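Please walk through the structure below, one region at a time.

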Amino acid sequence: MAAALLLQSRFIATAAQEGFTFHHAESDSATLALWLAEGCSRLPVYATHQVGVAGAVLDIHTGRVLVVQDKNKTRNAWKFPGGLSEPGEDIGNTAVREVFEETGITSEFKSILSIRQQHGQPGAFGKSDMYIICRLDPSSFHINFCQQECLRCEWMDLTELSKTKETTPITSNIARLLLYGYREGFDQIDISMREFPAVYTGLFYKLYHRKLPENYRNVTDME
């Protein structure tokens with residue numbers, strides 16, 4: 001692979017004549033690739049998905065959840081605040097950041113509630129879209145929402161959100177899931193996170209799954 005900086009873009013035509021093709025581009029560079037081994041290229045393709053994350057901030061003491069109405073997209077439909085994850089940003093951190101940027105509410109990541117995969121979404125630049133909704137606990141309650149992005153923002157009763165027609169389909173479904181967890185226990189719905197060392201020295205990864213009973217975590221020999 002070879003990376004051409006923006007100011008070196010005049011060399012791209014020459015590289016293309018030698019058989020290089022575009023692999024991916026960033027804001028200040030383009031990376032080209034040429035497979036030198038026999039057969040078809042086995043280089044992994046670049047990113048195929050963009051990742052959006054939303055935060056369902058539930059106040060367990062009142063049963064109210066934080067919702068917004070977008071100014072530019074799903075106008076007049078209640079939804080959970082959220083946005084695109086940045087490179088190198090953990091899912092939970094994205095949810096917490098986006099909630100704060102849109103509503104002024106600080107919160108803590110608790111779990112993942114759902115993952116949606118969608119293809120052909122407008123605005124995804126030809127990529128597929130992953131949309132992850134997280135459950136968050138609020139650590140503040142005074143709303144100071146971003147008026148550039150949101151028309152309205154409020155704490156809404158979870159039962160009301162699960163019934164209203166003034167919402168998006170995914171918000172309605174997750175509101176019902178959240179209501180079930182609120183009434184029957186979040187262990188019924190939570191996808192929790194554990195951190196493990198990666199096979200690459202010095203790196204770690206986060207594994208998301210349903211809670212594993214303690215007696216199964218360290219089992220080495222099971223019948």
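**From a helix to two loops**

In this predicted model, helix 4 has a set of buried residues: Thr171, Ser172, Ile174, Ala175, Leu178, Leu179 and Gly181. What covers them includes strand 4 (49-59), strand 5 (64-70), strand 6 (78-79), strand 8 (107-118), strand 9 (128-138) and helix 3 (158-163).

The length of helix 4 can be checked against its residue count. Helix 4 runs over residues 169-184, which is 16 residues. At 1.5 Å a residue the expected span is 22 Å, because the count enters as one less than the number of residues. The C-alpha atoms at the two ends are 23 Å apart, which agrees with that expectation. After helix 4 comes Gly185, with a positive phi near 115°.

The next region is a loop. Glu86 sits between strand 7 (82-84) and helix 2 (91-103). Is Glu86 buried, partly exposed or exposed? Its relative accessibility is 44%, so Glu86 counts as partly exposed, since that class lies between the 20% and 50% cut-offs. Leaving aside residues up to four places away in sequence, Glu86 touches Thr94 and Arg97. From Glu86 to Thr48 the separation is 38 residues in sequence, and their C-alpha atoms are 15 Å apart in space.

Another loop, between strand 11 (192-197) and strand 12 (204-209), holds Val199. Val199 has a relative accessible area of 78% and is therefore exposed, the cut-off for that class being over 50%. Together with Tyr200 and Leu203, Val199 forms a nonpolar patch on the surface. The accessible area of Val199, Tyr200 and Leu203 together is about 390 Å².

Methods
Residues numbered from 1 in each chain as written. Predicted model: local features only at pLDDT ≥ 70, side-chain atom pairs only at ≥ 80, totals over all residues. Heavy atoms only, no water. Helix = DSSP H or I, 4+ residues; strand = E, 2+ residues; numbered from the N terminus. Buried < 20%, exposed > 50% of the residue type's maximum accessible area, 1.4 Å probe, protein only. Contact = heavy atoms within 4.5 Å. Patch = residues over 30% accessible without salt bridge, like charges linked within 9 Å, V, L, I, M, F, W, Y side chains within 5 Å. Areas by Shrake-Rupley, 256 points an atom, 1.4 Å probe, with all protein chains shown as cover. Salt bridge = Lys/Arg side-chain N within 4 Å of Asp/Glu carboxyl O.
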